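This report introduces one protein structure to a reader who has not met it before. Please keep the sequence and the model at hand while reading.

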Amino acid sequence: MRILFNKEEPEIQDCIPIHIGIIMDGNGRWAKKRGFPRKFGHKAGAKNFRKIVKHCSHVGIKYLTVYAFSTENWNRPDQEVGALMRLFEQYLKEALSDFQDEDIKVKFLGKTEKFSEEIKNLILEVEKKSQNHSGMVLNIAMNYGGKEEIVNAVRLISEKVLKNEIQVSEITEKIFSNYLYTSKQPDVDLVIRTGGEYRTSNFLIWQTAYAEYVFTDTLWPDFQIDDFDNILHIYAKRKRRFGGV
């Protein structure tokens, strides 16, 4: 059933999530169902990604974090990883103009050391050219792992402690958050996972502590704007208590 989303609707106007996380799952299975190699699913998923990102910007989402490539994804077959890297490269080139008109600020979360020099340079270029944009912040998690992010933050804080730049007693949750990849950004309000899996897969462990989750069986390339809008209605009906009554 289609439920149109209108950010002016009184019952959900004040319930629009500030920060949404999306685990874009199901590309490979989408391709397999159609008798195609997995790389065709990733290509279809990348196309859908651009559509959903633009819609998020248009309806007023302030921060969007998408899980594009995890630290564990390097364990996939070399052919699939190679196809993904070529797709990333192509997308980054398109993003230089694609999101320019949308006023979207792009940031990348994760370690870039394992990427090719061209991809690393493109990442820097995309971030630099969008850094002054005032619209939605799009975080793209590439070679990202939630546990690794937390360990990295511990290392950074430990270095500060060793240099007497911060005292152990001064470390708070707020201070710790400033050393995460999403420093200065609000925690995630809503996580959407497509593809029918019911796990978080090492995604934004710290930032999603009190997030609402919606899991859907729809494979990512088939995930439509109507599906997204329906989930916003589901979120608007949730009662977030943050541990209270």
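Is E197 buried, exposed or partly exposed? With a relative accessible area of 23%, E197 is partly exposed. The value comes from a predicted model, as do the others in this report.

## The sheet

Six strands make up an open sheet, and their order is β3-β4-β2-β1-β5-β6. The pairing in this sheet is parallel. At the edges lie β3 (105-109) and β6, each of which pairs on one side only. On average, neighbouring strands of the sheet are turned by 20° against each other, direction ignored.

## Strand β1 and its partners

Strand β1 covers residues 19-23. Five of its five residues are buried, so β1 is largely enclosed by the rest of the structure. The side facing one way carries H19, G21 and I23, whereas I20 and I22 point the other way; all are buried.

In the sheet order, β1 stands between β2 and β5. Strand β2 (residues 63-70) runs parallel to β1, and five bridges join the two. Within β2, V66 is the bridge partner of I22. Towards β5, the pairing of β1 is also parallel, with four bridges. Here I20 has L190 as its bridge partner, and G21 stands opposite V191.

## Strand β5 and the edge at β6

Strand β5 comprises residues 190-193, and both of its faces are covered. L190 and I192 lie on one side, V191 and R193 on the other, and all of them are buried. Two of these residues have already appeared opposite β1: L190 as the partner of I20, and V191 as the residue opposite G21.

The pairing of β5 with strand β6 (residues 212-215) is parallel and involves four bridges. In β6, V214 is the bridge partner of I192. Strand β6 is an edge strand of the sheet, pairing on one side only.

## Salt bridges

Side chains of opposite charge can pair when their charged atoms come close. How many salt bridges does the count come to? The count comes to 12 salt bridges. One of them joins the side chains of R38 and E80, with 2.8 Å from N to O. This pair links distant parts of the chain: R38 belongs to helix α3 (residues 38-59) and E80 to helix α4 (residues 78-98), 42 residues apart. R38 counts as partly exposed because its relative accessibility is 37%, whereas E80, with a relative accessible area of 8%, is buried.

A salt bridge also connects the side chains of K111 and E148, at 3.9 Å from N to O. It too links distant parts of the chain, with K111 in the loop between β3 and α5 (117-130) and E148 in helix α6 (residues 146-162), 37 residues apart. K111 is partly exposed, with a relative accessible area of 26%, and E148 likewise counts as partly exposed, at 22% relative accessibility.

The residue of the opening question, E197, has a salt-bridge partner in R199; the distance from N to O is 3.1 Å. R199 has a relative accessible area of 46% and is partly exposed. In addition, a network of salt bridges links D25, R29 and R193. R193 is one of the buried residues of β5.

## Cysteines

A disulfide is a covalent bond between the sulfur atoms of two cysteines. How many disulfides does a search of the whole structure find? The search finds zero disulfides. For C15, the nearest cysteine sulfur is that of C56, 17 Å away, and C15 is in no disulfide. Because a disulfide requires two cysteine sulfur atoms within 2.5 Å, the 17 Å from C15 to the sulfur of C56 does not meet the cut-off. C56 is likewise in no disulfide, and the nearest cysteine sulfur to C56 is that of C15.

Are these two cysteines buried, exposed or partly exposed? C15 counts as partly exposed, at 27% relative accessibility. C56, at 0% relative accessibility, counts as buried.

How values were computed. Residues are numbered from 1 along each chain as its sequence is written. This is a predicted model: local features need pLDDT of at least 70, side-chain atom pairs count only at pLDDT 80 or more; totals for chains, interfaces and linings use all residues. Side-chain values use heavy atoms; hydrogens and water are left out. Buried means under 20% relative accessible area, exposed over 50%, partly exposed in between (1.4 Å probe, protein chains only). Two strands pair if DSSP finds at least two bridges between them. Axes are lines fitted to C-alpha atoms, for helices over the stretch in contact, and angles run from 0 to 180 degrees between N-to-C directions. A salt bridge is a side-chain nitrogen of Lys or Arg within 4 Å of a carboxyl oxygen of Asp or Glu.
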